[in-house]
Amino acid sequence: MATRRADITRLTAADLAGASLVTASALLDMLTAEEIERVVAACAGRPTLFTLSVVGRVELTPPHPLDDEVAKAFNDHQRRTVAGRTLLGPDAPEACVAAFARHGVAATVRPSPWRLGPEQAALAAEWFAGWLDAAREQRPELAGPAEAYGRRRLAQARAGQLGVLVDHRDLLAGCP
Ligand SMILES: C[S@@+](CC[C@H](N)C(=O)[O-])C[C@H]1O[C@@H](n2cnc3c(N)ncnc32)[C@H](O)[C@@H]1O
């Protein structure tokens, strides 16, 4: 086995010669439409498993009236343009399936929701803080209204009283 560190968007079919499986996790949302096309072009023809791709749906329990607005701002943040690259964010799994189809490769998509409960209180708090930060960065006008919301939600998360469901998809392509 050999390890090589490289930009996955520069992957070619030749790089994958002899590979029996191509796999990546929590990656697709960080790519642009063009980059997904390139990655899929390299992978088409080999069994490929892309796990844990976000689809933009988050469910917090108990619910709060600001949840939806924060979720929308977070999703917009995921779709932002960085240095001329417009990221696909939650649209990536669908774009990936369409890209495989253009290569005549069928893809199967299945839900793989991420659930954090009282046993993962520290992780839920960390996830929530990152989620809110991204939403605030995208919509600075949220900063005021989200202040008390953030404090309350973080306290709930740390106390193991915030149920978190972050919806994801796993995508398997090129398997008979
Ligand atoms: C959300 S993290 C997921 C990490 C890990 N795969 C997991 O599931 O826990 C996304 C990872 O993709 C890597 N990544 C993003 N764009 C990349 C690119 N163009 N080429 C290679 N890796 C990339 C990032 O460095 C980061 O480690």
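Mentor: A polar contact is a pair of N or O atoms within 3.5 Å. Keep that in mind for this predicted model.

Trainee: What makes isoleucine 8 a polar contact of the ligand?

Mentor: A nitrogen atom of the ligand is 2.8 Å from a polar backbone atom of isoleucine 8. The cut-off is 3.5 Å, so the pair counts as a polar contact.

Trainee: Which side chains have an N or O atom paired with the ligand?

Mentor: Aspartate 7 has one 2.7 Å from a ligand nitrogen. Serine 25 has one 2.4 Å from a ligand oxygen. The limit is 3.5 Å, so both pairs qualify.

Trainee: How much of the ligand does the protein bury?

Mentor: The protein buries 44% of the 580 Å² that the ligand exposes when taken alone.

Trainee: Which residues are around the ligand, and how do they split by class?

Mentor: They are Ala6, Asp7, Ile8, Thr9, Ser25, Ala26, Leu27 and Met30. Five are nonpolar, two polar and one charged.

Trainee: Now the helices. Why is H2 called roughly perpendicular to H4?

Mentor: H2 (residues 67–78) and H4 (residues 121–138) pack at about 75°. Roughly perpendicular covers 65 to 115 degrees, so the label fits H2 and H4. Their axes are 8 Å apart.

Trainee: Which residues of H2 and H4 meet?

Mentor: From H2, Asp67, Val70, Ala71, Ala73, Phe74, Asp76 and His77. From H4, Trp131, Leu132, Ala134, Ala135, Glu137 and Gln138.

Trainee: What classes make up the contact of H2 with H4?

Mentor: Eight residues are nonpolar, two polar and three charged.

Note on methods: Residues are numbered from 1 along each chain as its sequence is written. This is a predicted model: local features need pLDDT of at least 70, side-chain atom pairs count only at pLDDT 80 or more; totals for chains, interfaces and linings use all residues. Side-chain values use heavy atoms; hydrogens and water are left out. A residue is near a molecule or strand if one of its heavy atoms lies within 4 Å of it. A polar contact is a pair of N or O atoms within 3.5 Å; within protein, one must be able to donate a hydrogen and the other to accept it, and residues adjacent in sequence count only if both atoms are side-chain atoms. Accessible areas come from the Shrake-Rupley method with a 1.4 Å probe; for residues, only the protein chains shown count as cover. Ala, Val, Leu, Ile, Met, Phe, Trp, Tyr, Cys and Pro count as nonpolar, Asp, Glu, Lys and Arg as charged, and the others, Gly among them, as polar. Axes are lines fitted to C-alpha atoms, for helices over the stretch in contact, and angles run from 0 to 180 degrees between N-to-C directions. Helices (H or I, at least four residues) and strands (E, at least two) are DSSP runs, numbered from the N terminus. Angles under 35 degrees count as roughly parallel, over 145 as roughly antiparallel, 65 to 115 as roughly perpendicular and the rest as oblique. Contact means heavy atoms within 4.5 Å.
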